[in-house]
Amino acid sequence: MNIVLKEEILKNRNDLIEGTFCFSLFEEALFYSSLLDDLIDNSMLFIKENGSDTEVKDFLSWVVNCVDQCFLSHKDEGDLYTIKNYSSEIEKNWMNVWKPKINEINN
């Protein structure tokens, strides 16, 4: 098992680690597609090399739920959270590209 790759993926669970996708989105309110691409690519590689991993798959499900919530909160006028670099293109890519890729990894 590639422990280093798994640790790289799972460090996103701690949204206080700067330089991760989750930190950027949750703490800085910035959606960095390049960080999400890296997270997805690393997850795909890890699963390909190591087979199914419950911890990684549970984490990826958590990411999907959290990102969905970020978009919901962004659109909720009563919620103070907003994605600073929001665009309809980012949201469209989340729904049509990134989220399906993550769901495919988890199946």
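Glutamate 18 lies in the loop between α1 and α2, where helices (H or I, at least four residues) and strands (E, at least two) are DSSP runs numbered from the N terminus. This model is predicted: local features need pLDDT of at least 70, side-chain atom pairs count only at pLDDT 80 or more, and totals for chains, interfaces and linings use all residues. Residues are numbered from 1 along each chain as its sequence is written, and side-chain values use heavy atoms, with hydrogens and water left out.

**Exercise 1. Determine whether glutamate 18 and glutamate 77 are buried or exposed, and state how far each lies from a given partner residue.**

Solution.
- Step 1. The cut-offs are as follows: buried means under 20% relative accessible area, exposed over 50%, and partly exposed in between (1.4 Å probe, protein chains only).
- Step 2. Glutamate 18 has 64% relative accessibility and therefore counts as exposed.
- Step 3. Its C-alpha atom is separated by 21 Å from that of aspartate 68, and the two residues are 50 residues apart along the chain.
- Step 4. Glutamate 77 belongs to the loop between α4 and α5. Its relative accessible area is 83%, so glutamate 77 is exposed.
- Step 5. Between the C-alpha atoms of glutamate 77 and serine 43, which are 34 residues apart along the chain, the separation is 34 Å.

**Exercise 2. Describe the protein chain as a whole: its secondary structure, its radius of gyration and its buried share.**

Solution.
- Step 1. The secondary structure amounts to 5 helices and 0 strands, and the pattern along the sequence reads α-α-α-α-α.
- Step 2. The radius of gyration is taken over C-alpha atoms, and the globule rule is 2.2 Å times the number of residues to the power 0.38. For 107 residues, a compact globule would have a value near 13 Å; the protein chain has 14 Å, which agrees.
- Step 3. The C-alpha trace spans about 45 × 25 × 20 Å along its principal axes.
- Step 4. Of the 107 residues, 42% count as buried.
- Step 5. Contact means heavy atoms within 4.5 Å. Among contacts with a separation of 6 or more, 64% join residues 24 or more positions apart.
- Step 6. The protein chain exposes about 6,200 Å², of which carbon and sulfur atoms supply 49%. Accessible areas come from the Shrake-Rupley method with a 1.4 Å probe; for residues, only the protein chains shown count as cover.

**Exercise 3. Identify the buried residues of helix α1 and explain why they are on the same side of α1.**

Solution.
- Step 1. In helix α1 (residues 3–10), the buried residues are Leu5, Lys6, Ile9 and Leu10.
- Step 2. These residues cover an arc of only 130 degrees around the axis, so they are on the same side of α1. The arc is that of the directions from the helix axis to the C-beta atoms.
- Step 3. Val4 and Glu7, on the other side of α1, are exposed.
- Step 4. The cover over the buried residues of α1 includes α3 (33–50) and α4 (54–75).
- Step 5. At the N-terminal end, asparagine 2 caps α1, with a side-chain oxygen 3.3 Å from the backbone nitrogen of valine 4.

**Exercise 4. Count the disulfides and explain why cysteine 66 does not bond with cysteine 22.**

Solution.
- Step 1. A disulfide is a pair of cysteine sulfur atoms within 2.5 Å.
- Step 2. Under this rule the count is 0 disulfides.
- Step 3. The closest cysteine sulfur to that of cysteine 66 is in cysteine 22, at 6.8 Å, and this is too far for a bond.
- Step 4. Cysteine 70 is in no disulfide either; its nearest cysteine sulfur, that of cysteine 66, is 6.9 Å away.
- Step 5. Cysteine 66 is buried, with a relative accessible area of 19%. Cysteine 70 is also buried, at 9%.

**Exercise 5. Place alanine 29, glutamate 91 and asparagine 106 in the chain, and describe their surroundings.**

Solution.
- Step 1. Alanine 29 is found in the loop between α2 (21–27) and α3. Its phi is near 60 degrees, a positive value in a residue other than glycine.
- Step 2. Most residues other than glycine have a negative phi.
- Step 3. With 8% relative accessibility, alanine 29 counts as buried.
- Step 4. Glutamate 91 sits in helix α5 (residues 88–106) and is buried, with a relative accessible area of 13%. Apart from neighbours within four places in sequence, glutamate 91 is in contact with Phe71, Lys75 and Tyr86.
- Step 5. Asparagine 106 is likewise in helix α5 and is buried, with a relative accessible area of 18%. Not counting residues up to four places away in sequence, asparagine 106 touches Lys57, Leu60 and Ser61.

How values were computed: Polar contact = N/O pair within 3.5 Å; in protein donor to acceptor, adjacent residues only side chain to side chain.
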